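Work through the exercises below with the sequence and the coordinates open. Each task is followed by a solution in steps.

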Amino acid sequence: MLTSADKRAAFKKLHESGCFIIPNPFDVGSAKALQHLGFKALASTSAGFAWTLGKADNHVTVDDVCDHLTAICAAVDIPVNADFEDGFAHEPDKVAVNVARAVKTGVAGLSIEDYTGDSAKPLFDRALAVDRIKAARQAIDADNSGVLLTGRCEAFLRGQKDLSLVIDRLTAYAEAGADCLYAPGIATAEEISTVVKAVHPKPVNLLVGTGPSLQEASALGVRRISIGASLARMAWAGFMKASKEMAEKGTFGEFANGHSGGELNKMFS
């Protein structure tokens, strides 16, 4: 097994040039499978993990998440980036405490978002959002961990499609110590390239559902592509389709589309 320091060094190297996909497993098995397929790094998914616990996204505890991150980091020999939501606190000092806990799980990187959890006022005030990134940076640097910090602006995901606001916040997060910038929800080539150019030379993470390919995103200057809860949703799609067939028809035809148990056993052996 590689050490956490080895994984963190490899993760930073990935951000120096080119563009890579950082898929989002939702449990240890899916993490191991993605490593088996040759991916160079992984990222957790808050929603995908929450669903494994029978909870909605943003309804898990920091204890749940740290246990989850510890298990995934121990299971694979590649870097893991944590979707650390809002740091599980509003106040910067409490964010710092929780980030320090996340660092101890073995993660190579983590992200802090500016979503308040309140749909009436979805984004933290700019000054507070910046202070939260500064607090996360200080917690990471306290023991020279080398964990890569991503600053996230949630504006587009929360209905505030103001690109100037996004760029203003991302540049402020970079100045506050973020190593990588992320604005989930930007999707057009113009939006993506505008953000990439505005925060250069900081690397940009792009959330992709059915959007640009790896090659297209690379051409726009994107450094890292994540997919959020998409793999978890695909897994649930198969589960729900087969379960509904049993419940509604009493038949079992969907099982013919299942992945080979023998192949899974071979992969995990």
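**Exercise 1: Backbone outliers**

N58 is partly exposed, with a relative accessible area of 34%. The model is a predicted one.

Task: Determine where N58 and N144 lie, what phi each has, and how accessible each is.

Solution.
Step 1. Most residues other than glycine have a negative phi, and most peptide bonds are trans.
Step 2. N58 departs from this pattern with a positive phi near 70°. The residue sits in the loop that links α3 to α4 (62-75). Its 34% falls between the limits of 20% and 50%, so N58 counts as partly exposed.
Step 3. N144 also has a positive phi, about 55°, and is not a glycine. Its place is the loop between α6 (126-141) and β5 (148-152). With 72% relative accessibility, over the 50% limit, N144 is classed as exposed.

Task: Find the residue that follows the cis peptide bond at H200, and say which loop holds that residue.

Solution.
Step 1. The cis bond runs from H200 to P201, with omega near 10°.
Step 2. P201 belongs to the loop between α8 and β7.

**Exercise 2: The sheet**

Task: Give the strand order and say which strands form the edges.

Solution.
Step 1. The sheet is open, has 8 strands, and reads β1-β8-β7-β6-β5-β4-β3-β2, with parallel pairing.
Step 2. β1 (20-21) and β2 each have a single partner strand, so one side of each has no neighbour in the sheet, and these two are the edges.

Task: Describe the surroundings of β3, from its partners to its side chains.

Solution.
Step 1. On one pairing, β2 (residues 42-43) joins β3 in parallel through 2 bridges. Here L42 is opposite V80, and A43 is opposite N81.
Step 2. On the other, β3 pairs in parallel with β4 over 3 bridges. D83 has S111 of β4 as its bridge partner.
Step 3. β3 and β4, together with helix α5 (residues 92-103), form a right-handed β-α-β unit.
Step 4. In a regular strand the side chains alternate between the two faces of the sheet. In β3, V80 and A82 point one way, N81 and D83 point the other way, and all are buried.

**Exercise 3: Helix α8**

Task: List the buried residues of α8 and name elements that cover them.

Solution.
Step 1. In α8 (residues 189-199), the buried residues are E191, I192, S193, V195, V196 and V199.
Step 2. Their cover includes α7 (163-175), β6 (180-182) and β7.

**Exercise 4: Two pockets**

Task: Describe the largest pocket by volume, lining and residue class.

Solution.
Step 1. The volume is about 720 Å³.
Step 2. The lining has 25 residues, with F26, M234, A235, H259 and L264 nearest the centre. Two or more residues come from each of α2 (28-36), α10 (230-249) and α11 (261-268). The most come from α10, which gives 10.
Step 3. By class, 15 of the lining residues are nonpolar, 7 polar and 3 charged.

Task: Do likewise for the second largest pocket.

Solution.
Step 1. The second largest pocket holds about 450 Å³ of space.
Step 2. Its lining has 30 residues, and D83, R152, Y182, L207 and G228 are closest to the centre. Elements that supply at least two lining residues include β3, β4 (109-113) and α10.
Step 3. The classes are 9 nonpolar, 12 polar and 9 charged.

Terms used: Residues are numbered from 1 along each chain as its sequence is written. This is a predicted model: local features need pLDDT of at least 70, side-chain atom pairs count only at pLDDT 80 or more; totals for chains, interfaces and linings use all residues. Side-chain values use heavy atoms; hydrogens and water are left out. On a 1 Å grid over the protein atoms alone, a cavity is a set of points where a 1.4 Å probe fits but cannot get out, and a pocket is an open set with protein on both sides within 12 Å along at least five of seven lines; lining residues have an atom within 4 Å of a point. Grid points are joined across faces, edges and corners, and a volume is the space filled by probe spheres set on the points. Helices (H or I, at least four residues) and strands (E, at least two) are DSSP runs, numbered from the N terminus. Ala, Val, Leu, Ile, Met, Phe, Trp, Tyr, Cys and Pro count as nonpolar, Asp, Glu, Lys and Arg as charged, and the others, Gly among them, as polar. Buried means under 20% relative accessible area, exposed over 50%, partly exposed in between (1.4 Å probe, protein chains only). Two strands pair if DSSP finds at least two bridges between them. A crossover is right-handed if, with the strands pointing away from the viewer, the path from the first strand over the helix to the second runs clockwise. Contact means heavy atoms within 4.5 Å.
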